[in-house]
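Colleague: Hi, could you put that model on screen and walk me through it?
Modeller: Sure, here it comes.

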Amino acid sequence: MKIFKLSLLFCFFYCLGIQAQIKLPKLISDNIILQRDQAVKIWGWASPSEKITVLFNKKNFKTIASNDGKWELVLPAQSAGTGYEMILKGKNEISIKNIAFGDVWLCSGQSNMTVTMERVKERFPEDIASANYPDIRYFFVQTLTNLNTPKDDYPQGEWKTANPENIYTFGAVAYFFARDIYTKYNVPIGIINSSVGGTPIEAWISESGYKNLPDIQKTITKNKDTSYVNSFNRSPSVGKLKIPVIKDIGSIEHWESLDYKPKDWKNFNIPGYWEDQGIKDLNGVVWFRREFEVPKSWLGKPVKLFMGRIVDADEMYVNGKKIGNITYQYPPRRYEIPADLLKEGKNTFVIRVTNTSGKGGFVPDKNYFMTANGEEIDLKGTWQYKVGEAYQPQNFGGFGRSLVQQNQPTALYNAMISPVLPMKIKGILWYQGESNVGNPEPYDVLMPTLITNWRTLWKDEKLPFLVVQLANFQEVNYTPSESNWARLREAQNQALKLPNTAVTVTTDLGEWNDIHPLNKKDIGKRLALSAQNIAYNDKKVIHSGPTFKSQTIENGKIILTFDNVAESITSKDGEELRWFSIADYDKKFVWAKTKIIEKNQIEIWNEEIKNPKYVRYAWQDNPDGVNFYNSANLPASSFRTDGEILDNNKPWKGKKCGVVLTYDDALNVHLDNVIPVLDSLNLKGTFYITASSDAAANRINDWRKAAVNGHELGNHTLYHPCDASAPGMSWVKPEYDLSKYSLLKIQDEIKMCNTYLKAIDGKTKRTFAFTCGHKKVIEGEFIQTLSNEFIAARSVREEMHNLDEQKLMDIDCYSMVERTGDQMIELVKQAQKSGKLLVLLFHGVGGEHSLNVSKEAHSQLVHYLKENEKDIYIDTMFNVAEHINELKK
């Protein structure tokens, strides 16, 4: 025991001795660039209370480490310059050499920000060769994650200067940006590239940034539970690991070998995907082979081979020897055939391709050739293929769940951004969005959240933030269509609502078949223009293409006005402006004709659209060949006038009030007079259906169509029972006297109506409307016993309430009987002024019911709602109830 205690004591003092050394973060190292013209922080660790002296620029700066071993001091602001050295002394001594003062830019995002100069070397060989800028320096942050807490350092990293040897590892966008800024201002430029491919924006925001996003806060809290995180990726077996059995016949029989005699191989045209050439829905391994003859002059010399891009993984063989492989789809296939491998006569090329999902094969419109001595041999054309293995669908029996940490909220901020916070920076470049395309709407909030969050953390509310917008990508759709890519571009433009921001448009720089377009040079140049205007305050520099300002409608045409046109709007190729579409309220878009009528105005029209209301521009995944530019040769961003950005975290989604249009009893006039008008205005209503009514029973297909178009079908019971004992209710038939219903009877009739409605729209949740506003049966009020069936219930009491006052199982409404359009609009205006919810109840609209309003009055109302849609949240009762419920959580 005594020896054990002595050992512990020795370990304690030994560890203390290790800690009693000045330690600097990896960012503060040789070749660092510190932000000029600002006082800068130097920080690190030492033993508690250790005295530290920093010798810099012939002056001593002193500090003492705190009890937890942390220390920091502040150096006075320095002008731009190079060749500085810093010496730190404590119980040890550290020297930092070749320090420069200039402008430090943080680059972040996903894979397009990490694409290196090596990837684009064939496209920009002169830029590689001339990359000799010792005052452009680059610090790349390796991929790191942390679900629990912000970190204060990186495990590794170094500053590299731009020279022909190092340049291959520099991020291409970052380098081209830095070179333009350096050339313009002749000050050292430091780039910190903290980016990870395939990651969502949520992973880059700090926990404090999510204070208004409770659902994400819950995820963050859950991810801090170690037992929860460890529950993922557990193996279903605790026994010995089994050695994988090779099932690929090609590998077993060595189809790559020169001794192999091919049999039963079929033709395949490269480039192309095998799903398009007779191999249906195959995930697995496919082999390809072809023989080529090469010139004698190539023998004994290295040959470069370009095999485009391959989905997903490949192994390349020449004359039976493996010359390289790549394990995933995005990198270009660039291999070198060793000098002694090719022979005179026929040479056999074999490619083993593995694909696990989607369409496997060879991406079209890429380079497929080999070259030597300035000569080329085309590798495109007819090859032979044979399937080596077809993967079978796997059933993991509940195991194999995964939690990809780099995709979780805060995970990348904690590990990859937090360590940069003590550094002063000039601004931020952000190139991300592809991973959020599948669900673009939340990006409306997440984009400004990220910007505000990072500015708060750096304590600089005007910190320049420059965003790269998504480029054009995927197949071209030659008809107007919906587009998640365009929708996310719209969300990226939310950055422009904040000061000192810019969005760099790249819809002319993408490639339809590559999510990583190679023209990173022009992206860097456009970012540099934005930096000159915003970060360097050179307001004469034009950095934006035309941006939509307003529209007016005159004589069946829409006139669009734009800002940021420089001297004027231009057509880059002299042709009519492309990719404009136009629609009436129905939002059925068709291509429009265009004419530039003023330096900042365009007139658009289509003879088939007599009353145009909306315009979209470049609202496509890939608006190939955009030609709408300004005179500074910068393209316009895609935009639309029919969209709106809602804030789900505010009452009525950020608008002044809420309005719900409800229609009772399932009448023919609802189908004939109401739904066509609502559809023409793209408004949605809630139709409370009494299942036994004639229109309910006889027009099921019409109701189904209404549901498909987004209208809610609500429950108004099976037979519409009302309390016959109430005043003025003598018309109620005895068999439908609600006051004499048992609880069981009303429950059964309501559930029967739900079954009927489910058969029409397939939904299991909806809202309920009290018939005649009556709520009681023999045993008392019944709706609470059906709370699992409905998310809300509408009563009949002419009152409005704000969101906090709403009772979801007793929502008030106004019954519209013989009201004029002006009278109904006045109610809407009251809601707008008070910020409350207005629910309107209609029976007959143009007839079929004694409680009636005219078609004209109803039309006047709904047109007012449409014209004021920017201030009024108009939705179904179901959606409004969900909105109320979410904000009340």
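Colleague: Which residues have the most contacts inside the largest nonpolar core?
Modeller: Trp71, Leu88, Ile192, Trp204, Trp430, Met447 and Trp454, in a core of 73 residues. A nonpolar core here is a set of buried Ala, Val, Leu, Ile, Met, Phe, Trp, Tyr and Cys residues joined through side-chain atoms within 4.5 Å. Buried means under 20% relative accessible area, exposed over 50%, and partly exposed in between, with a 1.4 Å probe and protein chains only.

Colleague: And what's the ground rule for the numbers?
Modeller: This is a predicted model, so local features need pLDDT of at least 70 and side-chain atom pairs count only at pLDDT 80 or more, while totals for chains, interfaces and linings use all residues. Residues are numbered from 1 along each chain as its sequence is written, and side-chain values use heavy atoms, with hydrogens and water left out.

Colleague: Which strand gives the largest share of that core?
Modeller: Strand β7 (residues 93-109), with seven residues. Strands (E, at least two residues) and helices (H or I, at least four) are DSSP runs, numbered from the N terminus.

Colleague: Is there a second core, and what does it include?
Modeller: A separate one of 48 residues, with Leu718, Met800, Val828 and Ile874 among them.

Colleague: Back to Leu88: what is in contact with it?
Modeller: Leaving aside neighbours within four places in sequence, Leu88 is in contact with Ile22, Leu24, Ile42, Thr53, Val54, Trp71, Glu93, Ile94 and Ile96. Contact means heavy atoms within 4.5 Å.

Colleague: Trp71 again! Which face of β5 is it on, covered or uncovered?
Modeller: Covered, along with Leu73 and Leu75, whereas Lys70, Glu72 and Val74 make up the uncovered face of β5 (residues 70-75). Six bridges join β5 to the antiparallel strand β2 (residues 40-45), and Gly44 stands opposite Trp71. Two strands pair if DSSP finds at least two bridges between them.

Colleague: Switching topic, which residues of helix α14 are buried?
Modeller: Trp703, Ala706 and Ala707, in a helix spanning residues 700-708. They lie on the same side of α14 because they cover an arc of only 100° around the axis, taking the directions from the helix axis to the C-beta atoms.

Colleague: What's exposed on the other side of α14?
Modeller: Asn701, Lys705 and Val708.

Colleague: And what covers the buried ones?
Modeller: The cover includes α12 (668-681), β38 (686-689), α13 (694-698), β39 (712-715) and α15 (743-761). Just after α14, Gly710 takes a positive phi of about 105°.
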